[in-house]
Amino acid sequence: MLQRAEGGWDETTALRPRRRRWPYALLLAALAAGAGFYVYQRAERAPSTPAFETAAVELGDIETSVTAIANMQPKTYVDVGTQVSGQLRTIKPDVGDLVKKDDLLAEIDPTVYQTRVAGDRASLDNLRAQLAQAQAQLTLDKLRNDRAQQLLKNQTGSKDAADAADATERISEAKIDALKAQIAQTQATLDGDVANLGYTKIYAPMDGTVVSITAREGQTLNANQSAPIVLRIADLETMTVTAQVAEGDIPRIKVGTQAYFSTLGLPDRRWDGTVRQIEPTPTIVNDVVLYNVLIDVPNDDLTLMTNMTAQVFFRLGEAKSVMLVPTPALRPGRNGGHTVRVVTETGAVEPRRVRTGLSNRSMTQVLDGLKVGDRVITGNGPAGGEGGRPQGRPPMMPRLG
């Protein structure tokens, strides 16, 4: 600001404050130039390697397996039905009861079958009486025939009388044979009716648990058109797990393959078993071909129940304390091999060819080509989780005022 002096304006006084600003401007320019040079030097020294997601090669256990959903059924069970028709009078056990072999389970009204047995026995007695009469008549006919033949020999009897006596004896013998056949037939009918009478009482064919009852007391069962089922008995101490395996995985599973599974209700508990059978005929669900693989497992504590759902893992191979790398780190190589990209200590990327062993979706066993501690690239992107900022970028500098 110009000041007025005596006799005019003082120009020296007006320019003095402006000259004092030049040292500060020079200092700020020098600081800005130094900061720019520092940033340039850091950018030149920083490696040009882009940021990667990496993982270290480490020792661990690996397992390869095939997974399938399964359903559970008792290994041994029997549907107990009836061989005769009639009204169901009683059912002894309830669902869940334990039964022993030959225990009485149910009874059917036996009246009709008791009547048939009584009639057969009466017919049999009648035939036996007729047989006794025919045998007595045969004895008499034999005596008459012998006398007639003797008279003919002595020429005191006629030929016709002798022939008639011989024919009468043979007729009596034929009657006896016919009666014996009728007796055998009636005896067979009696045996069948006695058996049917016995079938009116239904006994347990095995030890086990009554898992279902399909008939009710008072119901009329018709065994002529179908085999009526009264109840089912199952041995729940051994269960069969039926796993449905896709056609792409079934060639890798054999009889004797080790497997384990868990249920929806107890996901933290594991049951072990081996493959007992692979059914050759598949089932097709929504155009997907599935084969049933059967696994038997003990169930002493009866935790496993009918129709439970399980997730089964078939062990195809396992290794312990081996070098492992994440499977996404592997790249296809020549002749069916694999390569990985290794980040060296200087930050450079070095491709290496490796020989692999067991592999699953997450980890792969390395047999040769790497050592424990090597860092392999698993994918492009920010090096998140590596404990540092992405390489190749200088640190932020504070703004100068």
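## A long helix, α4

Let's start with helix α4, which covers residues 159-199 in this predicted model. Its 41 residues reach 61 Å from the first C-alpha to the last, close to the 60 Å expected at 1.5 Å a residue. Look just ahead of the helix and you will find S158: a side-chain oxygen of S158 comes to within 3.2 Å of the backbone nitrogen of A161, at the start of α4.

Which residues of α4 are buried? They are A162, A165, E169, S172, I176, L179, I183, T186, L190 and D193. Try reading their numbers in order while you look at the helix. An α-helix has 3.6 residues a turn, so residues three or four places apart point the same way. And what do the buried residues of α4 pack against? Their partner is α3, residues 111-153.

## Two residues with positive phi

Between α3 and α4 there is a loop, and Q155 sits in it. The phi of Q155 is near 60°, a positive value in a residue other than glycine. Is Q155 buried or exposed? Its relative accessibility is 75%, and because exposed means over 50%, Q155 counts as exposed.

D287 is another residue to find in the structure. Its phi is positive too, about 65°, although D287 is not a glycine. The loop that holds D287 runs between β14 (283-285) and β15 (288-298). With 74% relative accessibility, D287 also counts as exposed.

## The whole chain

Now step back to the protein chain as a whole. How many helices and strands does the chain have? There are 4 helices and 21 strands. Of the 401 residues in the chain, 30% are buried.

The contacts tell you about the fold as well. Take those between residues at least 6 apart in sequence: 74% of them join residues at least 24 apart. The accessible surface of the chain comes to about 25,700 Å², and carbon and sulfur atoms account for 51% of that surface.

## How confident is the prediction?

Since you are looking at a predicted model, it helps to check its confidence. The chain averages a pLDDT of 85, and 82% of the residues score at least 70.

Where does pLDDT stay under 50? One such stretch is residues 1-9, for which the model has 8 contacts beyond four places in sequence. Another is residues 382-401, with 24 contacts beyond four places in sequence.

Terms used
Residues are numbered from 1 along each chain as its sequence is written. This is a predicted model: local features need pLDDT of at least 70, side-chain atom pairs count only at pLDDT 80 or more; totals for chains, interfaces and linings use all residues. Side-chain values use heavy atoms; hydrogens and water are left out. pLDDT is the predictor's confidence in each residue, from 0 to 100. Contact means heavy atoms within 4.5 Å. The expected span of a helix is 1.5 Å times one less than its number of residues. Buried means under 20% relative accessible area, exposed over 50%, partly exposed in between (1.4 Å probe, protein chains only). A polar contact is a pair of N or O atoms within 3.5 Å; within protein, one must be able to donate a hydrogen and the other to accept it, and residues adjacent in sequence count only if both atoms are side-chain atoms. Accessible areas come from the Shrake-Rupley method with a 1.4 Å probe; for residues, only the protein chains shown count as cover.
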